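Please open the model in your viewer and keep the selection tool at hand. The tour goes from the whole chain to single residues, one stop at a time.

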Amino acid sequence: MAAPPRVAVVGVGAAGLATLKALADAGVPAVAFETASTLGGLWVYGAPGSPAYRTLHLNTSKGRTEFADHPMPADWPDYPDHSRVAGYLDSYADRFALREAVRLRHTVDRVTRVGDRWRVHATGPDGPVEVDVEAVVVANGHNRVPNRPEPYPGACAAEQMHSHDYRGPEQLAGRRVLVVGGGNSAMDIAVDASHAADRTLLSLRRGVWVVPKYLLGRPSDTLNGALARRLPWRLRQRISQGMLTATVGPPTRYGLPAPAHGFLQDHPTLSDALLSRLTHGDIQARPGIARFAGDRVEFTDGRADEVDLVIWCTGYRVRVPFLDPGLLGDGADRLPLYRHVFHLDAPGLAFVGLMQSTGAAFPLLEAQARLVAARLAGVWAPPDPARQAAACRDELRAATARWGQRRPHMRVDFDAYLAELRRELAAGRRRAGATR
């Protein structure tokens, strides 16, 4: 007979699967709840809440994205599409026998503290379910609640949609499309529109560094990874920015705004096709929006264009609706967590995936999950509360200096953070051994 769960995991995308695997390795029984009818999270095209679109591919290379204990197939392309990634997560669950712990079509609507334990309330196909556990791991992702901009002056007569609702180029056919935003989804959708729409405009309020997926014949993220193992980020910035500028030129060469920040000071935007479509005139760059006037949009440089579809690629709000707001302080995206994992004031509450990385996510999720599992297995111990709080303050200070006010609580440098989690795991094991 299976042992009763000691841990509840909320969400069974990549973060939840990595957590279940780490807990199983550590011998910690767990149960996981997933709203969708299948596991895989945002990578499952058409699943409830998934923002995946038909042309979605990884924007980090497979060698930098794969889980350490489950490599992606060698014959796959460097940048697999969403169906391959979803299948990869399926195979991960099968290889490590994770499905038995998962309750699909169960939506967690409330998590509360009951003494020194946690009560998880979920609604499933057969009605409500409650479990009491020692710990809760929040792994539900943060790309589910679209961030819609405040209304601009004037009235917009064009159809509007958020990138969360975009599924494929057929939605763009024959339209005069305005794509607003500078992230990876904005670039992908603008490229799709340039092949399907009558006209495609791309509006960026601020400049971004657009990185081709290949530099010097290699996936571009592998070059920065090689530098990260040897150099501080400021020196990496100078080298990488110089290489990028020498290879493709500055963003202004393509009619895009000049970035206000140096390379590596924001999430990179990767696209092979965008710069080519700009230079061919198939995408036309525009600055920020000043106002709408019916089917016309006026930009901050005085130009105006007629559009009939506006796609807001303006990111997502970070929401954890099932937790008491008192546990989230000023908001989930401003929550101080020890090593971006452990709640400072609520023992037994941990987060896997509540971060924004300069690179891939999966290896970081794997490392965070191992830290959580070691804690719950009793082989890792945190430092005292004062040192945890001090570490959070130091990290926030450094992140703010690098990324400004663009969610500094969540920002991590992929390579530096991965190395930090490895050191933390070793240090916590020593602390745990010293207290026995």
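The stops below say what to select and what is there.

**The whole chain**

Begin with everything shown, and keep in mind that this is a predicted model. The protein chain has 11 helices and 27 strands, and its radius of gyration is 22 Å, close to the 22 Å that the globule rule gives for 436 residues, so the chain is as compact as a globular protein of that length. Along the principal axes, the C-alpha atoms fill a box of roughly 70 × 50 × 45 Å. If you switch to a surface view, the chain exposes about 19000 Å², of which carbon and sulfur atoms supply 52%, while 53% of the 436 residues count as buried.

**Ile289, in a strand**

Next, select Ile289, which you will find in strand β18, residues 289–294. Is Ile289 buried or exposed? Its relative accessible area is 8%, and because buried means under 20%, Ile289 counts as buried. Now show what surrounds this residue: leaving aside neighbours within four places in sequence, Ile289 is in contact with several residues, among them Tyr152, Leu178, Val180, Phe299 and Trp312. For a sense of distance, add Arg375, which is 86 residues from Ile289 along the chain, and whose C-alpha atom is separated from that of Ile289 by 49 Å.

**Charged pairs**

Side chains of opposite charge can pair when their charged atoms come close. A search of the whole structure finds 29 salt bridges, and three of them are visited here.

Select Asp308 and Arg176, whose closest N and O atoms are 3.3 Å apart in a salt bridge. This pair links distant parts of the chain, since Asp308 sits in the loop between β20 and β21 whereas Arg176 belongs to strand β11, 132 residues apart. Asp308 is partly exposed at 22% relative accessibility, and Arg176 is partly exposed as well, at 27%. Extend the selection to Glu159, Arg175 and Glu306, and you will have the network of salt bridges to which Asp308 and Arg176 belong.

Move on to helix α10, residues 385–403, where Asp394 and Arg397 lie 3 residues apart, about one turn of the helix. Their side chains meet in a salt bridge with an N to O distance of 2.9 Å; Asp394 counts as partly exposed at 44% relative accessibility, and Arg397 as exposed at 54%.

Finally, select Arg402 and Asp413, whose side chains also meet in a salt bridge, at 2.9 Å from N to O. Arg402 is in helix α10, and Asp413 is in the loop between β27 and α11. Both Arg402 and Asp413 are buried.

Notes. Residues are numbered from 1 along each chain as its sequence is written. This is a predicted model: local features need pLDDT of at least 70, side-chain atom pairs count only at pLDDT 80 or more; totals for chains, interfaces and linings use all residues. Side-chain values use heavy atoms; hydrogens and water are left out. Helices (H or I, at least four residues) and strands (E, at least two) are DSSP runs, numbered from the N terminus. Buried means under 20% relative accessible area, exposed over 50%, partly exposed in between (1.4 Å probe, protein chains only). Contact means heavy atoms within 4.5 Å. The radius of gyration is taken over C-alpha atoms; the globule rule is 2.2 Å times the number of residues to the power 0.38. Accessible areas come from the Shrake-Rupley method with a 1.4 Å probe; for residues, only the protein chains shown count as cover. A salt bridge is a side-chain nitrogen of Lys or Arg within 4 Å of a carboxyl oxygen of Asp or Glu.
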